[in-house]
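Here is a short note to read alongside the structure, written as numbered points. Please keep the sequence and the 3D view open and look up each place as it is named.

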Amino acid sequence: MQTLALIGRRILYAALLLLAVIVLNFTLIRLAPGDIVQTIAGQMGGMNEELMLELRHSFQLDKSIPEQLLIYIGKVAHGDLGYSYFFNQPVLDLILGRVGPTVLLVFSSLVLSVVAGTLLGTLASRRLYGPFSHAVTVVTLIGWSMPAAHRLRVGIPGLPGVRHVHRGA
C-alpha cells in the first residue's frame, strides 16, 4: 500500500510540475515585448486595422489573460502545441519529426559513455593514483564541468563532424 501511495504522490508531483511549466511558458510568452499581430503586420509590409482585429480574434488575444491561459492549457492537454509560422507547420509535427535523431543521439551517446567510462575506469583502477588515473580524472572533471553545448562542439582531430540531414519535405 505504501508503494501505491508513493507512486500516486509522484504522479501528482509530476502533474503539478507539468502544469507549472505550462504556466511559466505561457507567462514568458506574454512578457515578451511586442505583439504577434504587429510582428505579422510588419512582415507583410503593413496591414489594415480590420485585418489586425481579425487576427487578434483568431489568436484569441481579445480575451483576458486568465481566459487565454485556460484556453492554452486546454489546447496543450489535447496535444495542440500551436502552429509555427516560421516553419509553416504545426509545432507537434516539428517535434515528432526530430524525435528519431534525438533518440539516436541519446542512445548512441549513452552506449559510448558506458563503454568508454567502464573501459577507462577499469584501466585507471589498475594503478590507482598513477599518471593514467589522474589523467582520466582530469578529463572526466573537465567533461562534466563543461556545458553540454560546448561538449558537442569539441571536435576530435581526424574525425569528421557528424550531422543529421533532414530529408523530409
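1. Of the 169 residues that make up this protein, 10% count as buried. The model is a predicted one, and each point below should be read with that in mind.

2. The secondary structure amounts to eight helices and two strands, and if you read along the sequence, these elements follow the pattern α-α-α-α-β-β-α-α-α-α. It may help to mark this order on your copy before going on.

3. How do α1 and α4 pack against each other? Their axes lie 11 Å apart, and the angle between the two helices is about 130°. An angle of that kind falls outside the ranges for parallel, antiparallel and perpendicular pairs, and α1 and α4 are therefore oblique to each other. The crossing in which α1 passes α4 is right-handed.

4. A second pair of helices can be described in a similar way. Helix α2, which covers residues 36-43, and helix α3 have axes that come within 10 Å and cross at roughly 135°, and that makes α2 oblique to α3. Here, too, the crossing is described by its hand, for α2 passes α3 in a right-handed crossing.

5. The second largest pocket deserves a careful look, since about 920 Å³ of space lies in it. Its lining is formed by 24 residues, and those that lie nearest the centre of the pocket are Ile29, Arg30, Ile36, Phe59 and Leu61. The elements that contribute two or more residues to this lining are α1 (2-31), α4 (65-77) and β1 (83-84).

6. What is the character of the residues in the lining of the second largest pocket? They divide into 13 nonpolar, seven polar and four charged residues.

7. Two residues call for attention because of their backbone, and the reviewer may wish to check them one after the other in the 3D view. Gln60, although it is not a glycine, has a positive phi of about 60°. Gln60 sits in the loop between α3 (49-58) and α4, and with a relative accessible area of 22% it is partly exposed, as the partly exposed class begins where the buried class, under 20%, ends.

8. Asn88 likewise is not a glycine and has a positive phi of about 60°. This residue is placed in the loop between β1 and β2 (89-90). Is Asn88 buried or exposed? Its relative accessible area is 55%, so Asn88 is exposed, the cut-off for that class being over 50%.

9. Finally, consider Asp80, which is found in the loop between α4 and β1. With a relative accessible area of 37%, Asp80 is partly exposed. Asp80 and Pro90 are ten residues apart along the chain, and their C-alpha atoms are separated by 8.3 Å.

Conventions
Residues are numbered from 1 along each chain as its sequence is written. This is a predicted model: local features need pLDDT of at least 70, side-chain atom pairs count only at pLDDT 80 or more; totals for chains, interfaces and linings use all residues. Side-chain values use heavy atoms; hydrogens and water are left out. On a 1 Å grid over the protein atoms alone, a cavity is a set of points where a 1.4 Å probe fits but cannot get out, and a pocket is an open set with protein on both sides within 12 Å along at least five of seven lines; lining residues have an atom within 4 Å of a point. Grid points are joined across faces, edges and corners, and a volume is the space filled by probe spheres set on the points. Helices (H or I, at least four residues) and strands (E, at least two) are DSSP runs, numbered from the N terminus. Ala, Val, Leu, Ile, Met, Phe, Trp, Tyr, Cys and Pro count as nonpolar, Asp, Glu, Lys and Arg as charged, and the others, Gly among them, as polar. Buried means under 20% relative accessible area, exposed over 50%, partly exposed in between (1.4 Å probe, protein chains only). Axes are lines fitted to C-alpha atoms, for helices over the stretch in contact, and angles run from 0 to 180 degrees between N-to-C directions. Angles under 35 degrees count as roughly parallel, over 145 as roughly antiparallel, 65 to 115 as roughly perpendicular and the rest as oblique. A crossing is left-handed if the near helix is turned anticlockwise from the far one by less than a right angle, and right-handed if clockwise.
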